[in-house]
Amino acid sequence: MQSGDFRRARSPQAKQAREEAILSAARELATQRGIREITLTDIAVAVGMHKSAMLRYFETREEIFLRLTADGWREWSAALRADLDARHHADAEIVASVIGATLATRGQFCDLLAQAPMNLERNVSPDAVRRFKYVTHAELDAIVESVRRLLPALSVENGVDLIATSTALAGAFWQIATPGPEILELYRDDPRLGHALVDVESRLRRILAALITGLLAD
């Protein structure tokens with residue numbers, strides 16, 4: 001899309017199209033290079049806008065990625081609940097496996113989960129944080145409801161703790177599992193550092209299964 005198209009657009013539909021174009025460009029750049037490497041200027045160039053013009057739609061790069069985090073919550077929540085809701089019975093191992101698998105296959109979402117509390121929520125307006133929290137709370141409530149249908153002995157509070165732990169660990173483990181090329185080579189070449197090569201899905205599954213078992217026994 002050319003910068004001239006952005007100057008001429010005036011309708012609400014055109015504004016929405018601009019926002020979607022910005023979000024799409026940020027998502028693609030983050031896939032290629034990682035979230036921390038992407039600047040507001042990078043996104044503006046990819047979209048074909050001047051950076052100052054893009055500030056009419058998003059106040060900072062952090063707001064752009066916070067929006068993508070909210071989108072990630074919606075997409076992950078829908079996929080996780082679809083899997084859980086299709087099951088008639090499940091135990092701690094199965095629920096842990098589904099949560100772990102659906103998170104581990106969403107690398108960019110895991111990256112965003114780690115970045116959100118550290119960076120993305122710290123350089124945006126209170127209104128942007130409020131909108132983001134409304135999304136996460138709604139999806140969290142929906143996920144907990146699906147989990148408790150299969151594990152009714154799990155309290156609502158414990159269900160919230162389970163999902164909060166799942167997303168926090170997924171974000172942390174993804175950062176550990178995706179170091180830079182030089183550090184990754186170091187881990188692979190030195191047998192003493194082999195433990196640093198984390199398999200996100202299997203580690204999440206083991207820890208979450210133990211957590212769920214303990215919460216059910218509480």
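Here are a few exercises with worked solutions on the predicted model above.

**Exercise 1. Work out the overall make-up of the protein chain: how many helices and strands does the chain have, and what does the C-alpha trace span?**

Start with the secondary structure: eleven helices and zero strands. Reading from the N terminus, then, the elements go α-α-α-α-α-α-α-α-α-α-α. Next, the dimensions: along its principal axes, the C-alpha trace spans about 60 × 45 × 30 Å. Now for burial: of the 218 residues, 44% are buried. Finally, look at the contacts between residues at least 6 apart in sequence; 70% of these join residues at least 24 apart.

**Exercise 2. Find the residues with the most contacts inside the largest nonpolar core, and list what Ile43 touches.**

Step one is the core itself, which has 64 residues. Within this core, Ile43 and Phe65 have the most contacts. Step two is to take Ile43 and skip its neighbours within four places in sequence; what remains is Ile22, Ala25, Ala26, Leu29, Ile38, Met54, Ile64 and Phe65. As a background thought, nonpolar side chains in soluble globular proteins tend to be buried together.

**Exercise 3. Check the length of helix H2 against expectation, then pick out its buried residues.**

H2 covers residues 12-33, so to speak a run of 22 residues. From first C-alpha to last, H2 reaches 32 Å, close to the 32 Å expected at 1.5 Å a residue. The buried residues are Ala14, Arg18, Glu19, Ala21, Ile22, Leu23, Ala25, Ala26, Leu29 and Ala30. Among them, Ile22, Ala25, Ala26 and Leu29 are in contact with Ile43. Just past the helix, have a look at Gly34: it follows H2 and has a positive phi, near 95°.

**Exercise 4. Decide whether Arg61 is buried or exposed, and say what it touches.**

First, place Arg61: it sits in helix H5. Then apply the cut-off: Arg61 counts as buried because its relative accessibility is 17%, and buried means under 20%. Leaving out residues up to four places away in sequence, Arg61 touches Ile35, Arg36, Ile38, Thr39 and Leu40.

**Exercise 5. Describe how H5 and H6 pack.**

Two packed helices are described by the angle between their axes and the distance between the axes. For H5 (residues 61-85) and H6 (residues 92-104), the axes come within 10 Å and cross at roughly 145°. The crossing is right-handed. On the H5 side, the residues are Trp76, Leu80, Asp83 and Leu84, and they meet Val98, Ile99, Thr102 and Leu103 in H6. Sort the residues of this contact and you get six nonpolar, one polar and one charged.

**Exercise 6. Trace the surroundings of Val147.**

Val147 is part of helix H8, residues 126-150. With 1% relative accessibility, Val147 counts as buried. Its C-alpha is 8.1 Å from that of Arg81, although the two are 66 residues apart along the chain. Beyond its neighbours within four places in sequence, Val147 is in contact with Leu84, Val95, Leu154 and Leu162.

**Exercise 7. Repeat the length check for H9, and say which helices its buried residues pack against.**

The 22 residues of H9 (156-177) should span 32 Å at 1.5 Å a residue, and the end C-alpha atoms are 31 Å apart, which agrees. Its buried residues include Asn158, Gly159, Leu162, Ile163 and Phe173. The buried residues of H9 pack against H5, H6, H7, H8 and H11.

Methods. Residues numbered from 1 in each chain as written. Predicted model: local features only at pLDDT ≥ 70, side-chain atom pairs only at ≥ 80, totals over all residues. Heavy atoms only, no water. Core = buried A, V, L, I, M, F, W, Y, C linked by side-chain atoms within 4.5 Å. Buried < 20%, exposed > 50% of the residue type's maximum accessible area, 1.4 Å probe, protein only. Contact = heavy atoms within 4.5 Å. Helix = DSSP H or I, 4+ residues; strand = E, 2+ residues; numbered from the N terminus. Expected span 1.5 Å × (residues − 1). Axes fitted to C-alpha atoms, helices over the stretch in contact; angles between N-to-C directions. Left-handed = near helix turned anticlockwise from the far one by under 90°. Nonpolar A, V, L, I, M, F, W, Y, C, P; charged D, E, K, R; others polar.
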